[in-house]
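Please explain how this structure is put together, beginning with the parts of one chain and moving on to where chains meet.

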Amino acid sequence: MIGAAWNGARAFTATSGPGISLMQEFLGLAYFAEIPAVLFDVQRGSPSTGMPTRTQQADLLSCAYASHGDTRHVLLFPEDPRECFELGALAFDLADRLQTPVFVMLDLDIGMQDWLCEPLAWDDRKTMDRGKVMSAQELDAGRDFGRYLDVDGDGIPWRTYPGTHPSKGSYFTRGTTKDRYARYTEEGPAYVDNMQRLLRKFETARALLPRPEITNASQPATAGVIWFGSTGAAMAESLAELERRGIHLDRMRIRAFPFHDSVAEFIAAHEHVFVVEQNRDAQLKMLLVNECRIDPARLSSVLHYDGTPITERMITREIAEQARLFVPGLGFQRPGIRKVS
Amino acid sequence: MTYLAKPRLHHPELPKNALGYTRRDYEGAISTLCAGCGHDSISAAIIQAFFDLDIAPHRVAKLSGIGCSSKTPTYFLGNSHGFNSVHGRMPSVLTGAALANRDLIYLGVSGDGDSASIGLGQFAHVLRRGVNMVYIVENNGVYGLTKGQFSATADRGSRSKRGAANNDEPIDLVLLALALGATFVARGFSGDKAQLVPLIKAAVMHRGAAFIDVISPCVAFNNHPGSTKSYDYVREHNEAVNRLDFMPEREPIGVEYPDGGTSDVVLHDGGLLRLRKLDAGYDPSDKVQAMSFLEAHRARGEVVTGLLYLHADSDDMHAALQTVDAPLNALSDADLVPGNAALGGVNASLR
């Protein structure tokens, strides 16, 4: 995948958690040497071999920060096979545009089960975005080529495919540190310069990625709920049931990491937000707290991780119980702000 | 250390090849390896081979893993794209690159630590898949970058610089390559450029997986008495079975070899290999015989060099996969995107 993408072909691999673990070193290389790569991670249960045929959403952290050193990766979260198709196609454009690994995070429940979904559709006007690839003509026209040079201010450098030009545009791809012209260096300022540019690139990614789907409750609500992936179907049912019980929640389905600015805005606009996910450690919540600088007390988790698909009943029960604790006007006040008499 | 830039001024009368390139155009940065390192001689042989073959430098992609050997692609073919990948996993990167553009020439450079230990699995698969490439292992029997621990190719009983004996059986990459189905298998010695350059040229012109194990003494950690990868040991125990001449077909074959027999092999693109037999009993087209010959000589402590096995009309991975003639990285939207109408058929099949 890395070699083919380096050489200008589109390439991907489909894997699951153990494969992600195995590929950590290569993922760091692809991040640092800036090689497009697309990975479909069908998330199964547990660390190690775990529950190979059961479903979870437990690879968020190991993918978002895959490999040693300072790294951050782009993740996409489809909710059903139709969106796998759409985000899958988009992942290749994003990988080429951003020159970095892009993970399509399927839950095993999406990857292995039969689903009923909308028919797949393709817009015939769409063309592939191969990103910033400098041609022999552009090199001949005298364009300055530095493999890691940020000419456009978006953190994304230009690249050439091997074999493009007899005397211009060749460079050495390496995992070692390098300067803007891909020359080996261990100079501190050159390293910092490069790492800062990678952060700019990550900011560019934030604006390019699919935005979250935000919908309001049927009545003005002070609380919200966040989910992603295969949770969608159970979530829709649960939200209807909660409304019936008088618990009104604004909704946000997250579709990508790094999070769009509207994610933090949604959380800021509500007194309390539930985060529903299918893992033990509240990995999406950790990412939200860490990346959006959110007070963890504003969020509470609904966690399902026994390997079976999440159910409406479980979500409804958990949210109804927690709502009494955390959401003003729905019973108890939040413990942290309860008045002491 | 030598981080100096090479002078760009060239003598106006440097000899040029058929494409008008001088030998300088095939060079890279100045080596930072130890003076006398065998690897630098291999780099020089690579430069000579590509110059002689009239291959434009930018039509070569050079890939390597991690280690002293894997640093060397910086030191040759400066106008080629290079890829210094991760330890032991150059073969997978090369496989992907070779799939993406069949029109380039792929040169993989690795070491004995890189290929015989951490990368043994990848080494196996890139050979058995018949990836069209030249795979060179610069084999010195030690981990030079980490101060000379035995590698997996160090002979049993050979001694380290500090005098410790190696207890483990060596992995013979040549025997392994034969067993794995490489269609061009050779062994050279970095101290014998006259033998090595034609081997590299022939390997480049071969279609399929070409493997060359080059014994390359480590002057810092494995060039002492008791080592079986030292200059002295290899010179004394070098058992060359043949000498090779590579010539493009367009040149008339007018060279006569009075001593010993010769045999000619025509390559797929019309180039010709002339083998001068030094050991009358050695037949490089017979894999079974090659394996037993190698084992017998290894038992006697001899280092067999030369073209050890050749399957001249072999196919490569692209033939096996029946890929299109155009490089995959040049395919357009029209080639790759079947469109909404075709998708409708997929939808219908899933109802």
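The bounds of a domain, as the word is used here, come from an automatic or database domain assignment. With that in mind, and remembering that this is a predicted model, we can begin with chain A, for which the assignment gives domain 1, covering 2–112, domain 2, covering 136–208, and domain 3, covering 213–329. The centres of domain 1 and domain 2 of chain A, taken over C-alpha atoms, are separated by 23 Å.

These two domains also touch: 14 residues of domain 1 of chain A are in contact with 13 residues of domain 2 of chain A. On the side of domain 1 of chain A that touches domain 2 of chain A, the elements giving two or more residues are H3 and helix H5 (81–98) of chain A. If we sort the residues of that side of domain 1 by class, they divide into seven nonpolar, three polar and four charged.

From the domains within a chain we turn to the place where chain A meets chain B. Here 31 residues of chain A are in contact with 31 residues of chain B. Three elements of chain A, namely helix H1 (2–6), helix H3 (24–33) and strand E6 (172–174), each supply at least two residues of the side that touches chain B, and it is H1(A) that gives the most to this side, with four residues. By class, the side of chain A that touches chain B has 18 nonpolar, ten polar and three charged residues.

Strand pairing also links the two chains, since three bridges join E6(A) to strand E2 (residues 81–84) of chain B, and these two strands run parallel. In this pairing, A:Arg174 stands opposite B:Asn84, a residue of E2(B).

Finally, we can look at a sheet within chain B. It is an open sheet formed by three strands of chain B in the order E10-E12-E11, with antiparallel pairing. Its edge strands are strand E10 (242–247) and strand E11 (262–266) of chain B, each of which pairs on one side only, and from one strand to the next the twist averages 20°. Between E10(B) and strand E12 (residues 272–277) of chain B, which run antiparallel, there are six bridges, and B:Met247 has B:Leu272 in E12(B) as its bridge partner. Helix H7 (residues 193–205) of chain B packs on the sheet, where it touches E10 and E12 of chain B, and the direction of this helix makes about 55° with that of E10(B).

Definitions and conventions
Residues numbered from 1 in each chain as written. Chains lettered and ligands numbered in written order. Predicted model: local features only at pLDDT ≥ 70, side-chain atom pairs only at ≥ 80, totals over all residues. Contact = placed C-beta atoms within 7 Å. Nonpolar A, V, L, I, M, F, W, Y, C, P; charged D, E, K, R; others polar. Pairing = 2+ DSSP bridges. Axes fitted to C-alpha atoms, helices over the stretch in contact; angles between N-to-C directions.
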